[in-house]
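Please work through the exercises below with the sequence and the structure open beside you. Try each task before you read its solution.

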Amino acid sequence: MLNTYEEKVYGEMEGWKRRMLKDPSVSNLFAKRIQTKMNALIPEKIHYLITLTIEKMVKAVLFGSKYTSLAVKRERSLQLREAYVRRIGRHYKNAATIEGAVTGAGGILMGLADFPAFLTIKIKLLFEIATLYGFDVKDYKERLFILYIFKIAFCSQQKRKEVLISMENWSAFVQRLPSDVDHFDWRDFQQEYRDYIDLAKMAQLIPVIGAVVGAVANNKLTEQLTIAAMNSYRMRYFEQLKRLEQGGSDN
């Protein structure tokens with residue numbers, strides 16, 4: 001039996017899922033076609049280098065040990081957990097906004113520095129959100145889930161439906177994922193992520209307006225990631241509740 005707060009956020013989660021499952025708009029399809037054509041013009045050797053760079057950066061932050069000492073928060077109501085999540089989200093959104101303004105003000109060279117800095121902020125945010133929902137980020141599978149939150153937050157509308165279906169059936173889906181992160185489809189991950197971020201942040205590299213664009217883009221993208229994370233972990237939370245009601249394990 002759900003309490004009043006759980007009923008409210010369950011409705012929010014279902015609304016978010018419907019948005020993720022929507023067919024892409026005409027503008028979505030047009031933007032994706034442009035990005036696909038641009039990617040086709042880039043030599044394969046460059047694609048390989050970009051994939052390798054993003055893979056190394058994401059793995060260094062996501063699968064390193066630096067942020068895995070966070071204590072898992074248990075025995076809290078969903079309402080209390082989410083109050084902390086919203087506070088953490090605001091903190092990281094402010095940090096990302098400042099980082100975007102500073103790097104955007106520096107033109108192309110500083111704009112390039114924004115990529116690893118903003119990536120680190122986003123992954124640290126997801127680690128903290130995971131622990132607040134009671135998931136242990138020391139677990140390799142939980143870090144894979146973080147990777148999928150990243151995917152659904154920053155991929156094309158065409159791709160979101162596929163990612164959401166995988167996340168909705170996470171307990172079964174994760175068993176089919178490679179046990180070695182090196183076998184993850186990094187090419188697909190980086191291309192979707194890069195295409196999405198490029199559209200939002202390209203103007204950040206332009207002197208003068210770069211600071212404003214960087215601040216606004218980082219603010220909006222961090223908020224978007226927080227919303228995606230909250231609804232992704234809500235799916236896990238309600239899945240656990242359902243299993244407990246059916247007399248199963250909550251693992």
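## Exercise 1: A cysteine in a loop

At 3% relative accessibility, Cys-155 counts as buried, in a model that is predicted.

Task: Find where Cys-155 is placed along the chain, and determine which residues beyond its neighbours within four places in sequence are in contact with Cys-155.

Solution: Begin with the class of the residue: buried means under 20% relative accessible area, and Cys-155 has 3%, so the residue counts as buried. Next, locate Cys-155 along the chain, where it belongs to the loop between α6 and α7 (157-168). Then leave aside the neighbours within four places in sequence, and the contacts that remain are Arg-160, Glu-192 and Tyr-196. Finally, look at Phe-189, which is 34 residues away from Cys-155 in sequence, while the two C-alpha atoms are 8.3 Å apart in space.

## Exercise 2: The chain as a whole

Task: State how many helices and strands the protein chain has, and what share of its residues is buried.

Solution: Count the elements to begin with, which gives 10 helices and zero strands; read from the N terminus, the order is therefore α-α-α-α-α-α-α-α-α-α. Turn then to burial, where 46% of the 251 residues in the protein chain are buried. As for the surface, the chain exposes about 13,000 Å², and carbon and sulfur atoms supply 60% of that area. Last, consider the contacts with a separation of 6 or more, of which 82% are between residues 24 or more positions apart.

## Exercise 3: Two helices and their ends

Task: Compare the expected span of helix α6 with the distance between its end C-alpha atoms, and then do the corresponding check for α1.

Solution: Helix α6 (residues 140-153) has 14 residues, and at 1.5 Å a residue it should span 20 Å, which agrees with the 20 Å between its end C-alpha atoms. For α1, with 18 residues, the reach from first to last C-alpha is 26 Å, close to the expected 26 Å.

The beginnings of the two helices can be examined next. At the start of α6, a side-chain oxygen of Asp-139 comes to within 2.9 Å of the backbone nitrogen of Lys-141, while the N-terminal end of α1 is capped by Asn-3, whose side-chain oxygen lies 3.1 Å from the backbone nitrogen of Tyr-5.

To finish, consider how the helices are covered: in α6, 12 of the 14 residues are buried, including Leu-144, Phe-145 and Ile-146. Among the buried residues of α1 are Tyr-5, Val-9 and Met-13.

## Exercise 4: Residues that meet across the sequence

Task: Explain why Met-20 counts as buried, and find which residues beyond its neighbours within four places in sequence are in contact with Met-20.

Solution: Met-20 is found in helix α1, and its relative accessibility is 10%, so the residue counts as buried. Beyond the neighbours within four places in sequence, Met-20 is in contact with Ile-152, Gln-157, Arg-160, Lys-161 and Leu-164. In addition, Met-20 and Glu-162 are 142 residues apart in sequence, whereas their C-alpha atoms are 9.5 Å apart in space.

The steps can be repeated for Arg-234, which has its place in helix α10 and is buried, with a relative accessible area of 3%. Leaving aside the neighbours within four places in sequence, its contacts include Tyr-5, Val-9, Glu-12 and Met-13, as well as Glu-82, Arg-86 and Tyr-133.

## Exercise 5: Aromatic rings

Task: Describe how the rings of Tyr-10 and Phe-238 are arranged, and explain why their pair ties together parts that are 228 residues apart in sequence.

Solution: The structure holds 11 aromatic pairs. In the pair of Tyr-10 and Phe-238, the ring centres are 5.0 Å apart and the planes stand at 90 degrees, an edge-to-face arrangement. Tyr-10 belongs to helix α1 (residues 4-21) and Phe-238 to helix α10 (residues 210-245), which is why the pair ties together parts 228 residues apart in sequence.

Now compare the cover of the two residues: Tyr-10, at 35% relative accessibility, is partly exposed, whereas Phe-238, at 9%, is buried. Phe-238 also pairs with Tyr-237, with centres 5.3 Å apart and planes at 80 degrees, so this pair is edge-to-face.

As a last step, look at charges over rings: the charged end of Lys-122 sits over the ring of Phe-118, 3.9 Å from its centre, and Arg-236 lies over the face of Phe-145, at 4.5 Å from the ring centre.

Technical notes
Residues are numbered from 1 along each chain as its sequence is written. This is a predicted model: local features need pLDDT of at least 70, side-chain atom pairs count only at pLDDT 80 or more; totals for chains, interfaces and linings use all residues. Side-chain values use heavy atoms; hydrogens and water are left out. Rings of Phe, Tyr and Trp (its six-membered ring) pair if their centres lie within 6.5 Å; planes under 30 degrees apart count as stacked, over 60 as edge-to-face and the rest as tilted. Helices (H or I, at least four residues) and strands (E, at least two) are DSSP runs, numbered from the N terminus. Buried means under 20% relative accessible area, exposed over 50%, partly exposed in between (1.4 Å probe, protein chains only). A charge sits over a ring if NZ of Lys or CZ of Arg is within 6 Å of the ring centre and within 35 degrees of the ring normal. Contact means heavy atoms within 4.5 Å. Accessible areas come from the Shrake-Rupley method with a 1.4 Å probe; for residues, only the protein chains shown count as cover. The expected span of a helix is 1.5 Å times one less than its number of residues. A polar contact is a pair of N or O atoms within 3.5 Å; within protein, one must be able to donate a hydrogen and the other to accept it, and residues adjacent in sequence count only if both atoms are side-chain atoms.
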